[in-house]
Amino acid sequence: MVSLPPPRTTELHYDGVWNPVRVRESTPVEITRGLAGKGTRAEPAVTELTLGNRGGEVSAHDPTSALFGKIGRNTPIRLSVDAGGPHLAFPANGAPLVSTPDHASLGVAGDLDVRIDVAPNSWMDTAALVSRHRVAGSQVHYVFLVGQNRMLQLLWSPSGTSGAQRYVTATAPVPFYDGQRVVLRAVLDINNGAGGCTVRFSYARTLDSALWLPIGDPVTQAGTTSVFDGTAPLDIGDSDMSLTPDGFTGLNRVQGRVHAAQVYDGTTLKVDMRPEIQAAPGAARFTDGAGRVWTLSGSATLSNRHVRLEGEVPAWPPERHISGNDSTVTIAPAGVMRRLGIGKRPLDSAIRRYLAAAGPVECWPLTDGAEATSGAPLIGTTALQVLPGSTYAWADGELAPWVEPVLQVSGPAKIVASAPSSALMASEWSVDWCFSQLESLVLASVWERPGSGRTWNLALDPALGTVELTTVVPGGGGGTLGSVTAAVFDDRPHHVRVRTSSGGGVAQWWLYIDGVEVLTSVELLDAGPPMSVEWICGLAGGIFDSMSLGYVTLWGASAPPAADVYRALVGYPGETAGARVSRVAAEQGVPLSLDGEPALTTPLGVQTRETFLDTLEVGSKSDMGLLLERRDSRALQYRARHTLYSQTPILTLDYANGVISGEFRPVDDDRLPRNMVTARREGGSEHTAVEASGRLSVQAPPLGIGEYEEADTYSLAADEQATGQAWWRLHVGLHGGLRYPRVTVDLAQPRAQALVNSILEANVGDLLRIENLPPEYGFGYVDLLIRGYKEKLSEKAWRITFTCDPGGPWNVGIYDDPVRGKCGAAYSQLTSGISSTATSFSVTTTAGLPWITTPSEFPIDITIGGEEMRATSITGASSPQTFNVVRSTNGVVKTHAAAAPVNVARPAVYAL
């Protein structure tokens with residue numbers, strides 16, 4: 001048995017550092033993390049701790065306490081345990097380094113294959129990962145590093161000199177969040193067979209994974225190459241290089257954790273450094289699996305500390321025992337979602353948030369209340385005026401349903417905004433207008449300051465469908481600069497920008513409509529800074545119907561692209577879920593880490609006005625990703641849907657070995673099945689996917705299970721997305737096996753302790769696999785997707801109970817994968833019945849193409865009546881075909897009747 005309680009550390013953050021605090025060990029600590037229901041947004045992580053306070057150490061309200069003024073509401077707190085094998089810890093200071101000296105076995109004569117299991121504090125920091133490089137003595141071998149802008153790089157030299165060195169940069173950045181543990185790989189093919197060399201970058205979730213996903217495209221260089229073999233040591237986390245190979249930025253040491261490193265010469269393993277199973281916590285050196293001795297120097301350490309929760313303390317309620325002999329403070333730390341979820345005020349519109357952050361010279365949103373007398377500036381100090389005699393109403397105009405109500409002009413009116421005197425607009429300025437429902441002629445004017453005195457007039461004429469730009473010069477002159485037909489006279493929101501840049505008697509001007517440049521030219525004049533902006537509605541006593549006007553903005557030379565302002569105005573339609581949650585969190589000043597590639601997430605519809613967390617959840621719901629809190633940081637995390645596909649299990653539990661504790665009861669119920677799913681696009685069309693036949697179909701029992709319907713609305717960029725959404729959600733809802741909602745492991749048990757690193761690494765969204773289940777539970781293994789967990793630490797227990805959903809539906813097809821890359825022939829069945837030992841039999845395909853017979857495609861795992869078999873070959877060009885198999889690969893032994901369905905055991909599923 002493991003001694004209890006496990007070594008644990010509780011720390012408060014004050015005075016700029018983490019400081020240990022005393023916790024009553026007799027009081028159990030229970031940490032709850034993850035998702036509680038069916039949604040995609042986690043609940044705030046929570047726990048409860050009792051702190052000893054006999055000496056007033058944590059009296060937040062006692063002026064005589066040493067921590068008075070240092071701790072209080074939402075003080076950061078961190079809970080950690082020390083357990084299992086260690087990793088290499090690289091702090092930010094003290095020049096940490098882990099190195100092994102030169103040895104003959106370190107040489108690479110063929111293809112170079114470098115792998116490192118690493119979790120850096122920030123992927124934006126340049127860092128040498130694996131390096132065999134000494135400039136002195138011309139000992140340049142190779143360096144695998146993270147370069148500028150999260151781009152991986154591989155450097156090598158054929159001769160050992162820096163002058164002959166070559167390098168390659170990945171074509172895409174690493175798609176990981178700060179602190180995320182991942183295995184990076186760089187492979188240098190020194191001779192690609194086409195007269196050149198090729199470098200491939202990839203990643204996996206675990207070092208032993210069979211699934212490596214590419215990072216960008218392969219990069220090919222002309223000319224074959226080789227890797228120098230000299231006398232330099234092999235370093236982890238540092239290099240003697242001062243700059244990245246491209247020379248753009250400095251090269252730093254790793255800050256964070258390194259769990260393993262490997263170097264292959266082709267397929268021959270040369271370096272196998274895995275401190276978790278080769279080293280002891282606190283040791284100064286250790287020997288790896290290839291016999292190399294590694295030495296730690298500087299501030300590098302071997303640590304087995306695992307952060308279990310980093311959160312905030314919302315309150316510090318003191319409690320003194322009635323005897324007066326004891327004083328405690330019982331606190332309830334929580335994750336950042338607790339604080340971020342307080343309050344129901346919706347976020348400002350996307351356009352308002354964009355402009356507030358973009359730094360204009362002046363901005364009048366015109367979103368003032370119904371009783372306003374002028375337009376207050378969002379940025380700047382001068383109010384916009386609607387002159388007497390104008391017909392208008394504040395808060396009655398609408399640019400779009402997702403934008404705050406704006407000024408409505410319903411009759412003849414004159415509106416004036418005075419521009420401040422600003423050096424930012426001395427040589428270049430832009431003026432933006434946003435409007436909608438423009439039904440009559442409007443003249444928008446920009447008056448320049450005395451000196452030029454020029455007026456720029458923009459006439460918007462719905463009768464002609466045109467926008468015309470003219471100038472008027474004092475004393476005569478000017479004229480029409482250009483006219484364009486524009487589709488802006490409707491109920492949709494529109495954006496217009498006039499921009500000038502001048503100097504040396506020459507001025508260039510531009511006209512943008514809805515983010516697109518429509519007119520531009522160069523004039524022999526010096527444009528001056530604006531003095532005022534005006535709108536005249538109902539010219540020369542004409543009848544004026546209506547217009548909604550808002551977000552009038554003045555810019556200097558640093559104006560953002562007009563296209564960016566327009567995208568914010570229309571609510572970023574088509575923005576992917578990953579990009580939206582990242583952007584909105586950045587605007588809010590909330591740290592958020594993205595797990596996945598934004599381009600692979602779901603394109604969303606318009607950003608509506610919701611609370612902060614609800615806005616993020618709109619993205620996670622439509623993408624079917626997971627909105628979480630990071631475990632090791634006071635930050636949010638978005639785990640994109642595609643990161644849930646076809647995972648290598650983070651943790652494998654052997655049921656037969658007794659590693660599972662507590663009540664382990666599979667459930668056979670109808671909580672999850674859905675065989676009729678309707679996906680609606682918000683504001684658009686819908687699609688219904690139906691399972692029409694089969695044992696989980698909508699047919700009445702016994703042919704099916706009857707109708708189990710689900711319908712919901714999602715933010716989608718296009719109507720056609722509803723089809724894929726409906727069918728994928730139907731696929732996930734058609735899991736027909738047993739459910740395993742809770743899986744408990746007792747970390748005080750020796751068999752569980754042997755897996756402690758993997759158990760503590762397991763997190764929300766990871767895949768858990770249970771092997772060797774009893775026959776009544778089903779043969780083989782079951783995959784479970786972790787949705788949350790509850791961890792209890794006390795003097796008498798250390799248990800983790802994982803809350804799980806079926807993971808099988810998330811195993812999707814992978815191109816060219818030997819298992820997940822295979823599809824079965826539709827409508828295949830046994831030609832005749834077979835015994836329990838037959839290893840050759842006939843299969844008839846009643847429709848579609850026959851099974852493949854190409855030898856290189858074998859083996860193929862198939863299933864018949866719950867028994868899995870391994871087909872070693874198939875013969876026959878047409879149906880029926882002969883299958884040659886190895887029987888009972890999942891332990892099921894049985895006979896099968898004629899016409900029994902035959903299919904691939906794990907057929908490739910097309911992902912959303």
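Ala, Val, Leu, Ile, Met, Phe, Trp, Tyr, Cys and Pro count as nonpolar here, Asp, Glu, Lys and Arg as charged, and the others, Gly among them, as polar. Keep that in mind as we look at the empty spaces inside this predicted model.

Let's begin with those spaces. Rolling a probe the size of a water molecule over the atoms shows where empty space is left. In this structure there are 4 cavities of 30 Å³ or more. We'll visit two of them.

The second largest cavity holds about 60 Å³ of space. Its lining is made of Trp-433, Phe-435, Leu-438, Val-442, Ala-444, Leu-458, Leu-460, Val-496, Trp-535, Met-547 and Leu-549. Sort these by class and you get 11 nonpolar residues, no polar and no charged. Four strands put at least two residues each into this lining: β30 (428-436), β31 (442-448), β32 (455-461) and β39 (547-555).

Now move to the largest cavity, with about 80 Å³ of space. Here the lining splits into 7 nonpolar, 3 polar and 2 charged residues. Among the residues around it are Val-118, Pro-120, Asn-121, Trp-123, Asp-125, Leu-129, Val-146 and Arg-253. Both β8 (112-120) and β9 (127-134) give at least two residues to this lining.

Next stop, a helix. What span should the 12 residues of α5 (residues 577-588) have at 1.5 Å a residue? The expected figure is 16 Å, and the end C-alpha atoms are indeed 16 Å apart, so the two agree. On α5, the buried residues are Ala-577, Gly-578, Arg-580, Val-581, Arg-583, Val-584 and Ala-585. That buried set packs against α3 (350-358), β40 (592-595), α6 (612-623) and β42 (636-639). Right after α5 comes Gly-589, which has a positive phi, near 75°.

Finally, scroll along to a sheet. Strands of a sheet pair through backbone hydrogen bonds, either parallel or antiparallel. This one is an open sheet of 6 strands with antiparallel pairing, in the order β52-β53-β56-β55-β54-β57. Why do β52 (828-830) and β57 (903-904) each have one side without a neighbour in the sheet? They stand at the edges and have a single partner strand each, so one side of each is left without a neighbour. For β52, antiparallel pairing with β53 (residues 840-845) comes through 3 bridges. To find one residue pair in the model, pick Gln-829 and look across to its bridge partner in β53, Thr-844.

Note on methods
Residues numbered from 1 in each chain as written. Predicted model: local features only at pLDDT ≥ 70, side-chain atom pairs only at ≥ 80, totals over all residues. Heavy atoms only, no water. 1 Å grid on protein atoms, 1.4 Å probe; cavity = no way out; pocket = protein on both sides within 12 Å on 5 of 7 lines; lining within 4 Å. Points joined across faces, edges and corners; volume = space filled by probe spheres on them. Pairing = 2+ DSSP bridges. Expected span 1.5 Å × (residues − 1). Buried < 20%, exposed > 50% of the residue type's maximum accessible area, 1.4 Å probe, protein only. Contact = heavy atoms within 4.5 Å.
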